[in-house]
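Pull up the model and keep it beside you while we walk through it. We'll start with how the pieces are named and then work towards the inside.

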Amino acid sequence: MAQRLIQFPLTYSSSPHSTMTSLTLGSAASRLLPSAAAANSAAKLSLYCPHSVKLFRSSPLISHLFLPQKGAAAASRLLRSRSSSYSTVTKCFASDPEQLKSAREDIKELLKTKFCHPILVRLGWHDAGTYNKNIEDWPQRGGANGSLRFEIELKHAANAGLVNALQLLLPLKDKYSGVTYADLFQLASATAVEEAGGPKIPMKYGRVDVSGPEQCPEEGRLPDAGPPSPAAHLRDVFYRMGLNDKEIVALSGAHTLGRSRPERSGWGMPETKYTKDGPGAPGGQSWTVQWLKFDNSYFKDIKERRDAELLVLPTDAVLFEDPAFKEYAEKYAADQEAFFKDYAEAHAKLSNLGAKFDPPEGFSIDEGTSQPQPEKFVAANYSTGKA
């Protein structure tokens, strides 16, 4: 039986890859300056510096970036003369804020063509959900650190199919080399929720990546969908992450998106009237009729249980059986606004678990901007099933 962390089934499926020798990009080796910032590199140094200034001195790019009409030797002399002042004014971030903003726009376009909202949400969750609050040291404590890009962790049973999510994002990682994997995974997850009509997630960025597969967490930190004692199991796993009953129930509500595929998770029908025509690869069983729309339908459908073609896992059913969980599940079934509020807070908290931030306080890419409400999904455009 496959493990699943409140599993987000897939809406997009590319060709499966049984083995992967390396998932890090070859072009990542040439990240002296983020390409999106090249035109204003001197200004960007005050925000983002992935390497020390002395590395820039030997870069073949330096003559073009700083002194287009001079030679590399002159540029090197200029940097040597300024290196001490740079060291006192430069603040290095793990990710370039401007590249994050651009990557977010590309993710929105990806969502419009691939309808991959659920799998991107799941990717962010599974990278963060390995966090153990009882372990202080990073990265041994797990959490949102980009470790899920490595083959050893992708092969964990709970992560079946997530290689497809990684393959969707690798071109963006190549394009935006100044963004960490950890930030990209969480950016994609939050953007997918928002673009599906869900709440705006109060995200912060600056997560540092682990450097190698030896820093991946051991298998077994993500919960099972069908344990013998579902309520106790959910609490064991999510309390270990530092989350409470309200956050467990709120986060479960993200099952309003997506499908479960039996060949990956061991749960669900091969297809239903709601999933047989896709979008993306057809098949699987969804929790809700409108499975690409983020709303409170999950709680309503689990409570009513009137449609045999909608999925109800043991960890879903227990939300209306356990007295403490039921209080919140009933509330969210009746009040979507309350669900959105609590979900946004819980998702943001989950996305920060275990992360090491640079700068330590993190940073927002929404400060000083007015965020328009995302266009709401019309589920009839994506599902041919009848309620």
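Helices and strands here are DSSP runs, helices of at least four residues and strands of at least two, numbered from the N terminus. With that naming, proline 139 falls in the loop between helix H6 (117-128) and helix H7 (151-154). That's a good place to pause, since the peptide bond from tryptophan 138 to proline 139 is cis, with omega near 5°. A cis bond also joins aspartate 358 and proline 359, with omega about 10°, and proline 359 sits in the segment after H16. For context, most peptide bonds are trans, and most residues other than glycine have a negative phi.

Two residues go against that second habit. Phenylalanine 115, in the loop between helix H5 (97-114) and H6, has a positive phi near 50°. Arginine 305 isn't a glycine either, yet its phi is positive at about 50°; you'll find arginine 305 in the loop between H13 and helix H14 (314-317).

Now for how far to trust what you see. This is a predicted model, with a mean pLDDT of 78 over the chain and 71% of residues at 70 or more. The pLDDT stays under 50 over residues 1-47, although the model has 152 contacts beyond four places in sequence for them. Residues 369-387 also stay under 50, with 32 such contacts. Where pLDDT is low, the predicted coordinates should not be read in detail.

Zooming out, the chain has 16 helices and 2 strands. Of its 387 residues, 57% count as buried. The chain exposes about 16200 Å², and carbon and sulfur atoms supply 51% of that. Among contacts with a separation of 6 or more, 77% come from residues 24 or more positions apart.

What sits inside? In soluble globular proteins, nonpolar side chains tend to be buried together. Here the largest nonpolar core has 77 residues, and the ones touching the most other members are Leu120, Leu169, Phe294, Phe299, Leu319 and Tyr343. Helix H9 (residues 181-195) gives the most to this core, with 8 residues. There's also a second, separate core of 6 residues, which includes Phe115, Tyr274, Val289 and Leu310. Phe115 is the residue with the positive phi we met earlier.

Phenylalanine 294 is worth clicking on. It is buried, with a relative accessible area of 1%. Leaving out residues up to four places away in sequence, the partners that phenylalanine 294 touches include Val193, Pro199, Leu257, Phe339, Phe340 and Tyr343. One of these partners, phenylalanine 339, is buried too, with a relative accessible area of 0%.

A search of the whole structure turns up 11 aromatic pairs. Phenylalanine 294 and phenylalanine 339 make one that is stacked, 5.7 Å centre to centre with 5° between the planes. Phenylalanine 294 lies in the loop between strand S2 (285-286) and helix H13 (297-304), while phenylalanine 339 belongs to helix H16 (residues 336-352), so their pairing ties together parts that are 45 residues apart in sequence. The story doesn't stop at two rings: ring pairs link Phe294, Tyr298, Phe299, Tyr332, Phe339, Phe340 and Tyr343 into a cluster.

Tyr298 and Phe299 take us into H13, whose buried residues are Ser297, Tyr298, Phe299 and Ile302. What covers those buried residues? The cover includes helix H11 (245-252), H14, helix H15 (323-334) and H16. After H13 comes arginine 305, with its positive phi near 50°.

Stay with H16 for a moment, since alanine 348 is in that helix. Alanine 348 is buried, with a relative accessible area of 7%. Its C-alpha atom is 6.1 Å from that of isoleucine 201, though the two residues are 147 apart along the chain. Setting aside neighbours within four places in sequence, alanine 348 is in contact with Ile201, Pro202 and Met203.

Last stop: rings with charges over them. The charged end of lysine 204 sits over the ring of phenylalanine 357, 4.5 Å from its centre. Likewise, arginine 235 places its charged end over the ring of phenylalanine 325, 4.1 Å from the centre.

Technical notes: Residues are numbered from 1 along each chain as its sequence is written. This is a predicted model: local features need pLDDT of at least 70, side-chain atom pairs count only at pLDDT 80 or more; totals for chains, interfaces and linings use all residues. Side-chain values use heavy atoms; hydrogens and water are left out. A nonpolar core is a set of buried Ala, Val, Leu, Ile, Met, Phe, Trp, Tyr and Cys residues joined through side-chain atoms within 4.5 Å. Buried means under 20% relative accessible area, exposed over 50%, partly exposed in between (1.4 Å probe, protein chains only). Contact means heavy atoms within 4.5 Å. Rings of Phe, Tyr and Trp (its six-membered ring) pair if their centres lie within 6.5 Å; planes under 30 degrees apart count as stacked, over 60 as edge-to-face and the rest as tilted. A charge sits over a ring if NZ of Lys or CZ of Arg is within 6 Å of the ring centre and within 35 degrees of the ring normal. Accessible areas come from the Shrake-Rupley method with a 1.4 Å probe; for residues, only the protein chains shown count as cover. pLDDT is the predictor's confidence in each residue, from 0 to 100.
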